[in-house]
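Trainee: I have a structure to go through before I set up any calculations. Can we take it one question at a time?

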Amino acid sequence: MPIHTAVLKKEVLEYLNPKQNENFVDCTVGEGGHSEDILNKTGPDGKVLGIDLDPQQIISSHWLEAIYKDRTILVNDSYANLKEIISNKNFQPVNGILLDLGMSSAQLEGTHKGFSFQIDQGLDMRYNDVTGYLTAEKIVNEWPEEKIEEILREYGEEKFSRKIAKNIIEQRKQGRIKTTFGLIEIIKDATPSTYWRGKIHYATRTFQALRIAVNDELENLKKVLPQAISALSPEGRLVVISFHSLEDRIVKNFLSEESKKGTIKILTKKPITANRDELGKNQRARSAKLRAAIKI
Ligand code: SAH
């Protein structure tokens, strides 16, 4: 059973509005929290196609198959290949598509991937382990200072991006930076002590920036959105939950363009955020923003 607490559960159901025998694609199935809610509403024959890039997360969602036998299809792939996945699985009609972006609590706490600044691990940060792909270790040891500074500033919104980038370059002259704790020391050295006592850990923004860069998260989001609209059946719904202002901007601009073209109707004028009750219980909900649209 999931470690991860799915965010905005009630709101996801409200906007996806799953009904008896309808089919949904959960592009980020994770540990199956949202998929379970959908499957509960779409019996006896409605199906969920659950996608996740992290093979470990696909294993964590297998419990869905045990409960909702022929109604769950799980695929370990990137949602950037949504169109192809849907066509390979001959999955139609598509009554709704969900994207719950970013990373899950289980990935943060439990894996060997170096997502967390609480555990000393190798600087990997890939959702999948396909060799040859970019890793966080590669970025900090091989990228030029300007590029590192730029991702820290843009993807991390890190106000000490220049100092941190400079310190990374200095330190890597002494030897390769290989571990999360090694990198955290470098960030600590580059920032004032007042920053260490802030509300969020002083390494949070750097780690977020590296994760987004390693996994090309913004590009993948730009790739999936048009595929999602085109895959939806008329009246089908798209729900996207983002956790970062850059992601939210991409979603917002995309939906407004599509709405001008007349392909969709936007259901959320402003993004939906978690209510006070959820905010108190779930840290991840704090930055969550949900936008939804219906295909015309
Ligand atoms: N809604 C899920 C949690 C999703 S967390 C639940 O209720 O459990 C976000 C998930 O997106 C993670 O499991 C992560 O591995 C996955 N992910 C990140 N990038 C992806 C991509 N490009 N394609 C598919 N899945 C991706």
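Trainee: How many residues surround the ligand?
Mentor: Keep in mind that this is a predicted model. A residue counts here if one of its heavy atoms lies within 4 Å of the ligand. The closest are E31, D52, Y79, D100 and Q107. The full count is 25 residues.

Trainee: How does that shell divide into nonpolar, polar and charged residues?
Mentor: Glycine goes with the polar class in this scheme. Six residues of the shell are charged and twelve are polar. The nonpolar ones number seven.

Trainee: What is the distance from the side chain of D52 to an oxygen atom of the ligand?
Mentor: The cut-off for a polar contact is 3.5 Å between N or O atoms. A backbone atom of G32 is 3.5 Å from a ligand oxygen. On the nitrogen side, the side chain of S78 has an N or O atom 3.1 Å from the ligand. For the polar side-chain atom of D52 and a ligand oxygen, the value is 2.6 Å.

Trainee: How much of the ligand's accessible area does the protein cover?
Mentor: The ligand sits in the largest cavity. On its own, the ligand has 590 Å² of accessible area. The protein covers 99%.

Trainee: The structure holds four aromatic pairs. Which class does the pair of F115 and Y127 belong to?
Mentor: Two numbers describe such a pair: the distance of the centres and the angle of the planes. F115 and Y127 are 5.5 Å apart centre to centre, with 40° between the planes. Under 30 degrees would be stacked, and over 60 edge-to-face. So 40° makes the pair tilted.

Trainee: Where in the chain do F115 and Y127 lie?
Mentor: The two residues are twelve apart. Both are placed in the loop between helix 6 (105-110) and helix 7 (136-142).

Trainee: Which residue does a cis peptide bond join to G43?
Mentor: Most peptide bonds are trans. Here omega is about -5°. The partner lies in the loop between helix 2 (33-41) and strand 2 (48-52). It is P44.

Trainee: What is omega for the cis bond from Q92 to P93?
Mentor: P93 is in the loop between helix 5 (82-88) and strand 4 (96-100). Its bond from Q92 is cis, with omega near -5°.

Methods. Residues numbered from 1 in each chain as written. Predicted model: local features only at pLDDT ≥ 70, side-chain atom pairs only at ≥ 80, totals over all residues. Heavy atoms only, no water. Polar contact = N/O pair within 3.5 Å; in protein donor to acceptor, adjacent residues only side chain to side chain. Areas by Shrake-Rupley, 256 points an atom, 1.4 Å probe, with all protein chains shown as cover. 1 Å grid on protein atoms, 1.4 Å probe; cavity = no way out; pocket = protein on both sides within 12 Å on 5 of 7 lines; lining within 4 Å. Sits in = over half its atoms within 2 Å of the grid points. Phe/Tyr/Trp six-rings, centres within 6.5 Å; stacked < 30°, edge-to-face > 60°. Helix = DSSP H or I, 4+ residues; strand = E, 2+ residues; numbered from the N terminus.
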